[in-house]
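Colleague: I have a structure to look at before class. Can you walk me through it?
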Amino acid sequence: GPSAMLQTPGIGFRPQPNIDSTVIRFVKGDGATYVHHLDHIEAYLKYYENQNQQGENYIDCEEIRERRTEDLNKVCRFDLANLGPDCVKQQNFGFDDGQPCILLKLNRVFDWVPEEYTE
């Protein structure tokens, strides 16, 4: 059930074609086959535009190089420039060139502390 999903970390991804499949199918150069993927990615990235990452819930994590020990309930701001020059709307998120941008997101799991590996 839903509670089991909250106990195990998971990775979300975009575009997400539909709930029945994880296959991202399109024809290179045929915008009609991937316009829905472009719309999905664009809508998802709106959450990460600067004006939507303001307020006391957000912190700048760019300079953090170790595991955080404070402000654990706050969210790190994400700079969309980190996606690179090809993963932008103006480049149709790489779909035109047959190299689509697939966005991965680690879902937050409350009360879960990741284990550190040294090897």
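Modeller: We can take the disulfides, then a helix, then the pockets. This is a predicted model, where local features need pLDDT of at least 70, side-chain atom pairs count only at pLDDT 80 or more, and totals for chains, interfaces and linings use all residues. Residues are numbered from 1 along each chain as its sequence is written, and side-chain values use heavy atoms, with hydrogens and water left out.

Colleague: OK. How many disulfides are there?
Modeller: There are 2 disulfides, a disulfide being a pair of cysteine sulfur atoms within 2.5 Å.

Colleague: How far apart are the sulfur atoms of Cys-61 and Cys-76?
Modeller: They are 1.9 Å apart. Cys-61 lies in the loop between β2 (58-59) and β3, and Cys-76 in strand β3, so the pair ties together parts that are 15 residues apart in sequence. Helices (H or I, at least four residues) and strands (E, at least two) are DSSP runs, numbered from the N terminus.

Colleague: Why is that disulfide called left-handed?
Modeller: Because the torsion about the S-S bond of Cys-61 and Cys-76 is about -80°.

Colleague: And the other pair, Cys-87 and Cys-101: buried or exposed?
Modeller: Both Cys-87 and Cys-101 are buried. Buried means under 20% relative accessible area, exposed over 50%, and partly exposed in between (1.4 Å probe, protein chains only). Cys-76, by contrast, is partly exposed at 30%.

Colleague: New topic. Which residues of helix α2 are buried?
Modeller: In α2 (residues 35-45), the buried residues are His-37, Leu-38, Ile-41, Tyr-44 and Leu-45. Down the helix axis they fall within an arc of 135°, so they line one face of α2. The arc is that of the directions from the helix axis to the C-beta atoms.

Colleague: Why would residues a few places apart share a face?
Modeller: An α-helix has 3.6 residues a turn, so residues three or four places apart point the same way.

Colleague: What do the buried residues of α2 pack against?
Modeller: They pack against β1 (11-14) and β4 (103-106), where contact means heavy atoms within 4.5 Å.

Colleague: Last thing, which residues are closest to the centre of the largest pocket?
Modeller: Arg-68, Lys-74, Cys-76, Leu-106 and Arg-108, out of the 34 residues that line the largest pocket. On a 1 Å grid over the protein atoms alone, a pocket is an open set of points where a 1.4 Å probe fits, with protein on both sides within 12 Å along at least five of seven lines, and lining residues have an atom within 4 Å of a point.

Colleague: Which strand gives the largest share of that lining?
Modeller: β4, with 4 residues.
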